[in-house]
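Me: Could you walk me through a helix, a core and a pocket of this protein?

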Amino acid sequence: MAGGGFADGAPLKRAHLYEYRITGYFIAACFVAALGGSLFGYDLGVSGGVTSMDDFLEKFFPKVFRRKQLHLKETDYCKYDNQVLTLFTSSLYFAALVSTFSASYVTRKRGRRASILVGSVSFFLGGAINAAAMNVAMLIIGRIFLGIGIGFGNQAVPLYLSEMAPAKIRGAVNQLFQLTTCLGILIANFINYGTDKIHPWGWRLSLGLATVPATLMFIGGLFLPETPNSLVEQGRMEEGRTVLEKIRGTTKVDAEFADLVDASNAARAIKHPFRNLLQRKNRPQLVIGALGIPAFQQLTGMNSILFYAPVMFQSLGFGSDAALYSSTITSAALVLATFISMFLVDKFGRRAFFLEAGAEMICCLIAVAVTLALKLDQGEEELPKGVGIFLVIVICIFVLAYGRSWGPLGWLVPSELFPLETRSAGQSMVVCVNMLFTALIAQCFLAAMCHLRYGIFLLFAGLIVIMSSFIYFLLPETKQVPIEEVYLLWQNHWFWKRFVKDGRQGTQHV
């Protein structure tokens, strides 16, 4: 196949000698670390709901509030097109973008656990400031602290989970991050529904409850073990082997520990990991892991689908509860899809999920675009019930496809690709690019929807065609390949082998 260089034919070194069994110690560590996803998920769920609450808009964005009151029954989303309002949302992503570079240093020098703790403290402060906000400036400052917390958490947690997991179940374990993200969104939706009925301070409760997952993550983080990879990278060899034996449930870890030591020796030779990431031999990781996948994850059209979903539910007669039903069903579909991906991604592989789900998403987006074009262009303010039912089914299919592919794999695959010497820098690039495109989408999305209307779905469908081709031709299969031997796949790939002569050899002290 065009992807080339799959695990089955790759020249792996010691992978067949790895031994492990699942222990309670390992399970507890992974679940605690995965709480980092709940921070990201809670904010995604809460911020969207709060920005549509009348009490919140009336206090901070009176122009948007008045415009909304004039168009209560319309499906015209131009009423939410306000750059200051979108800055409230996107300021978090810009802060996460910048902070992830500091997170890279902390993650490499102090360990993954240290970044998790820093992230939880910053997120707590952001939640507290937002809950007490008296003006837009306080809101933005709170969002910046939340962004710093997400920058540190999203940088460290996927790495932590991938490094702790045995190769054969790494996909499922890493997707605990996506699972807690989706659960955070789901819980936030129910909280918003309840607090929207508390006038005039319900929005403060929604924003302030962000301190709860932050507190849980901090307390749990105090008891987390550091990953063996990080301990060995810091020169703490004995401690690294002890932790490896505990999480693998066996003392027969010689082969895996030897791979860690080899990777650590290469990592210690690198003084400037970001500069090293730009070297020719690291071109596959840079193009696929640091740039391509995190950017494409935000260009799938998921935002447009979730934003239009309440319109479909209004057409089915749910009235004021349309937003709750919409967000609950879509969030539940994301959770279900994540479970599907967790149980099957290590069996069928990453490429299969990307490509199959991509085809589904393209069909769904075209169906939504054509339906809205036929109905909304006729001047109808509300969709007929039959059309609404059709669109709700299409939306659920789309969300299920995204939730088992670009959603979780957008974090899993990049965390697998980088060698230890550039792993913290590479993951920082992943978070940076992801947050940059998230911020750009957040800042431009409402304006784009206002002007493009249903055409925005066709735009995203075209982008998915491009990103699916990107995956088909350039991404090798990484399922069940030990994380410290993934670099060997590039030597077997039809395209990347011209850039990678011999993975670890020729490492420069840069």
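Here are some questions and replies about this model.

This is a predicted model, where local features need pLDDT of at least 70, side-chain atom pairs count only at pLDDT 80 or more, and totals for chains, interfaces and linings use all residues. Residues are numbered from 1 along each chain as its sequence is written, and side-chain values use heavy atoms, with hydrogens and water left out.

Me: Which helix gives the largest share of the largest nonpolar core?
Reply: A nonpolar core is a set of buried Ala, Val, Leu, Ile, Met, Phe, Trp, Tyr and Cys residues joined through side-chain atoms within 4.5 Å; buried means under 20% relative accessible area with a 1.4 Å probe, protein chains only. Of its 127 residues, F56, L161, I288 and W406 touch the most other members. The largest share, 11 residues, comes from helix α22 (residues 420-452).

Me: Where in α16 does the kink lie?
Reply: Helices are DSSP runs (H or I, at least four residues), numbered from the N terminus. The bend at a residue is the angle between axes fitted to the seven residues ending there and the seven starting there. In α16 a kink of about 30 degrees comes shortly before the proline P294, at L291.

Me: Is α16 largely enclosed or open?
Reply: Its buried residues include I288, I293 and F296. Among the elements covering them are α20 (385-403) and α22. Because 12 of its 15 residues are buried, α16 is largely enclosed by the rest of the structure.

Notes: Buried < 20%, exposed > 50% of the residue type's maximum accessible area, 1.4 Å probe, protein only. Helix = DSSP H or I, 4+ residues; strand = E, 2+ residues; numbered from the N terminus. Contact = heavy atoms within 4.5 Å.
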